[in-house]
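Hi,

Here is the structure I said I would pass on. Have a look at it first, and then read on for what I found.

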Amino acid sequence: MVVDVLIKDISQLITVKSGIKAKKGREMQNIGLIENGWIAIKENTIIGVGSGDIGSEFKIQEHTLIVDGKGKTVTPGLIDPHTHLVHGGSRENELALKLKGVPYLEILKKGGGILSTVRATQNSTLEELVNQSKKSLDRMLTYGVTTVEVKSGYGLEIDTEIKQLEAIDILNKQSNSDLVSTFMGAHAIPGEYRHNPDEFVDVVINEMLPIVAEKQLAEFCDVFCEEGVFSIDQTRKILKAAEKLGLKSKIHADEIISLGGAELAAELGVVSADHLMAASEEGLKMMAEKDVVAVALPGTSFNLAMGKYANVRKMIDYGLSVALATDYNPGSCPTENIQLIMSLGCLYLKMTPEEVISAVTINAAAAINREHEIGSIEIGKKADIVIFDAPNLYYIPYHFGVNHVDIVIKNGKIVVKEGRLI
């Protein structure tokens with residue numbers, strides 16, 4: 001077989017070998033480490049992986065690009081399975097209020113918080129949303145993120161929700177990254193429905209979802225299931241309606257109080273349940289039995305200074321597949337830096353570096369239903385690969401707050417070199 005790209009002499013090749021399934025519980029420690037490794041790529045597909053000399057069945061020709069991996073750590077392309085990338089405006093003006101101890105609900109009453117972002121998104125043109133989001137998407141790519149899940153939810157009415165989803169579609173076609181689209185019209189209850197939230201649930205089900213499905217603008221439907229937002233019954237109703245229209249389910253669950261979101265996630269067999277800081281032990285055990293991926297978002301806890309993080313050690317003990325994500329959004333977690341999230345995973349979630357790399361590769365792929373094509377370096381999978389200027393895996397979360405990426409290969413092509421877009 002003719003090789004288009006050969007990465008050779010890799011000091012630490014982290015394959016995260018797993019086939020087409022997520023790693024559960026203690027399996028997350030098994031990262032398929034190969035020393036003095038190599039990867040052979042043809043077009044956009046991995047055709048060979050090994051150690052030492054490349055096999056004779058692989059043909060190196062004049063056009064073959066040779067990449068030196070000496071002194072480097074190589075991993076699958078990183079995956080961010082929970083973001084709110086497309087939005088209007090920003091909310092740095094709220095920082096001073098937070099520092100003064102003004103509660104979020106008081107900020108919300110003054111027209112701030114998510115309602116501020118909703119207004120800014122409603123007032124932004126499609127072009128403005130695309131341009132603003134492209135900057136963050138490019139920044140994510142330089143940090144090694146090759147696939148990104150993106151939610152709507154800053155419209156809370158059909159025109160703006162569609163505008164967000166159309167922006168995601170445009171970005172997916174124009175950028176080097178792959179985007180996975182999630183409809184989240186049930187992100188908050190608009191002010192005009194605050195006394196009758198069931199009426200807004202009906203709007204989401206009967207007016208929004210059919211149009212989203214008809215236009216094929218989303219693969220997933222997500223709901224913010226939380227006290228004061230959407231109840232267990234309302235969430236169940238929305239997600240069941242979405243599944244009838246062909247959308248797969250995700251859920252924001254048990255972020256602040258133990259409402260039963262984890263139990264609902266298991267009942268419905270959703271693809272992933274995210275946040276989970278207040279999830280009950282019974283709910284987590286039920287999720288493990290139903291193979292629901294648990295997505296932890298430590299950047300949000302860190303930025304909100306909540307002092308409370310998802311109990312990932314317990315999740316791993318129960319045999320859950322745990323993924324990590326940035327939760328990039330303009331309010332509670334305005335960062336595109338997945339490597340910072342990896343460090344927080346070690347420092348605050350008490351995950352090992354091995355568990356962390358499983359969480360941002362194969363398990364993150366499973367959280368967006370992509371584990372069959374990305375998330376590990378194996379023959380037949382897409383050639384999404386990150387070369388870190390780091391001597392070993394441990395160095396990446398240890399030396400925090402900087403970008404360790406040297407090269408990013410997306411679909412078999414170098415898109416980032418020396419940490420910069422090319």
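Which element gives the most to the lining of the second largest pocket? That would be α4, with five residues. Bear in mind throughout that this is a predicted model.

Some more on that pocket. The space in the second largest pocket comes to about 390 Å³. Its lining is made up of 23 residues, and the closest to the centre are Arg 91, Glu 92, Pro 330, Gly 331 and Pro 334. Besides α4 (126-142), the elements that give two or more residues to the lining are α1 and α10 (298-304). By residue type, the lining splits into eight nonpolar, eight polar and seven charged.

Now for the annotation. UniProt has an unreviewed entry in which "binding site" covers Arg 91, Tyr 154, His 187, Glu 255 and Ser 332. Of these residues, Arg 91 is included in the lining of the second largest pocket.

I looked at Arg 91 a bit further. You'll find Arg 91 in the loop between β6 (78-80) and α1 (95-99). Is Arg 91 buried or exposed? Its relative accessibility is 11%, so Arg 91 counts as buried, the cut-off being under 20%. If you set aside neighbours within four places in sequence, the contacts of Arg 91 are Tyr 104, Gly 113, Ile 114, Ser 116, Thr 117, Pro 330 and Gly 331. Two names there will look familiar: Pro 330 and Gly 331 are in contact with Arg 91, and both are also among the residues closest to the centre of the pocket.

Tyr 154, another residue under the "binding site" annotation, sits in the loop between β7 (145-151) and α5 (158-174). With a relative accessible area of 3%, Tyr 154 is buried too.

One last residue, away from the annotation: Gln 12. This one belongs to strand β1 (residues 2-14). Gln 12 has a relative accessible area of 15%, which means that this residue is buried as well. What does the side chain of Gln 12 reach at 3.1 Å? The partner is the backbone nitrogen of Leu 393. Not counting residues up to four places away in sequence, Gln 12 touches Leu 33, Ile 34, Lys 72, Thr 73, Val 74, Pro 391, Asn 392 and Leu 393. Leu 393 therefore turns up both in that list of contacts and as the partner of the Gln 12 side chain, with the residue itself buried at 15%.

Over to you!

Technical notes: Residues are numbered from 1 along each chain as its sequence is written. This is a predicted model: local features need pLDDT of at least 70, side-chain atom pairs count only at pLDDT 80 or more; totals for chains, interfaces and linings use all residues. Side-chain values use heavy atoms; hydrogens and water are left out. UniProt positions are given in the numbering used here, feature names are shortened, and annotations may be inferred rather than shown by experiment. On a 1 Å grid over the protein atoms alone, a cavity is a set of points where a 1.4 Å probe fits but cannot get out, and a pocket is an open set with protein on both sides within 12 Å along at least five of seven lines; lining residues have an atom within 4 Å of a point. Helices (H or I, at least four residues) and strands (E, at least two) are DSSP runs, numbered from the N terminus. Buried means under 20% relative accessible area, exposed over 50%, partly exposed in between (1.4 Å probe, protein chains only). Contact means heavy atoms within 4.5 Å. Grid points are joined across faces, edges and corners, and a volume is the space filled by probe spheres set on the points. Ala, Val, Leu, Ile, Met, Phe, Trp, Tyr, Cys and Pro count as nonpolar, Asp, Glu, Lys and Arg as charged, and the others, Gly among them, as polar. A polar contact is a pair of N or O atoms within 3.5 Å; within protein, one must be able to donate a hydrogen and the other to accept it, and residues adjacent in sequence count only if both atoms are side-chain atoms.
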